[in-house]
Amino acid sequence: MKRKWIALILALAVMSGETVMASEALSGTAQQKRIVGAVESWKPEKNTGSYTVTDLDGNGRLEIISSNYSEEDQSTVSHIWEVDEDGKLQKVEMPWTEEESQPDFITKSTKVWYDSTEDVYYYLFTDQQKTEDGSEKEQKLAVSLKDGKLSSQLLAEKTVDGTDTESFSDADGNEISSEDYENAGEEKYGDFEEKTTKFKWISTREHAIGSDVPMEQLLELVSEANAGFSISDPE
């Protein structure tokens, strides 16, 4: 009986070792290759799309963000895929439907606050919309990625009516000042570590996309996008 237990313990140790080795073998380059290999699942529209490679949750597993811009609606629709622990590309659950307005992820840099207790990064993005009455609305949103699911929280909102009059409100609809609107992120996450994140977006208007493009070419672009992502202390 004792021999059986010893054999079982050894088997579990071997399995555990294999898991660790598989995880360690999943280097940045290996993940980039997995992303390129699945290009048909995430590629944005030709001439109107862009993509970037990130690690929004800081877990060492890369994400590919694919965004399409509609000139007619003047809106951006994005989707995110993350490399899972087995090296497969999994689609991230988004908090919006296809019909709902989304924040514009296509930006060169933005603020981010890190909650070290919960190990969560809160990224500041904006979303601009045109309403049916002709006014324009801009929202400040905090976006975070955790356990393969994206979350979004409204921080503040600015409205510009037909006479170009601006009004500002917090997440509960209470009137605030323009200064409060601009500092909505600091007000909400001021107790956390404030940092700056940078993105490198690859435009399909400038670079071809798809499985018919040589893998080496796509891998170079994906690697460039990955290298352009950073989180650092504010300058």
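D147 is exposed, at 72% relative accessibility, where exposed stands for over 50% relative accessible area, buried for under 20% and partly exposed for the range in between (1.4 Å probe, protein chains only). The model is a predicted one, in which local features need pLDDT of at least 70 and side-chain atom pairs count only at pLDDT 80 or more, while totals for chains, interfaces and linings use all residues. Residues are numbered from 1 along each chain as its sequence is written, and side-chain values use heavy atoms, with hydrogens and water left out.

D147 sits in the loop that links β7 (136-146) and β8 (149-160); strands (E, at least two residues) and helices (H or I, at least four) are DSSP runs, numbered from the N terminus. The phi angle of D147 is near 55°, a positive value in a residue other than glycine. Most residues other than glycine have a negative phi. A second aspartate, D119, also has a phi near 55°. This residue belongs to the loop between β5 (109-115) and β6 (120-130), and D119 is partly exposed, with a relative accessible area of 35%.

Attention now turns to helix α6. Helix α6 (residues 215-227) has 13 residues, and its end C-alpha atoms are 18 Å apart, in agreement with the 18 Å expected at 1.5 Å a residue; the expected span is 1.5 Å times one less than the number of residues. Buried positions in α6 are L218, L219, L221, V222, A225 and N226. Viewed down the axis of α6, these buried residues fall within an arc of 165°, so they line one face of the helix; the arc is taken from the directions between the helix axis and the C-beta atoms. The other side of α6 carries the exposed residues E216, E220 and A227. As for partners, the buried residues of α6 pack against α2 (28-37), α3 (39-42), β1 (49-54) and β11 (202-203), with contact meaning heavy atoms within 4.5 Å.

The loop between β11 and α6 holds E206. With a relative accessible area of 64%, E206 is exposed. Its C-alpha atom lies 9.6 Å from that of S50, although E206 and S50 are 156 residues apart in sequence.

Another pairing along the chain involves S178, a residue of helix α4 (residues 178-182). S178 is partly exposed, at 41% relative accessibility. Between the C-alpha atoms of S178 and S167 the separation is 7.9 Å, and these two residues are 11 residues apart along the chain.
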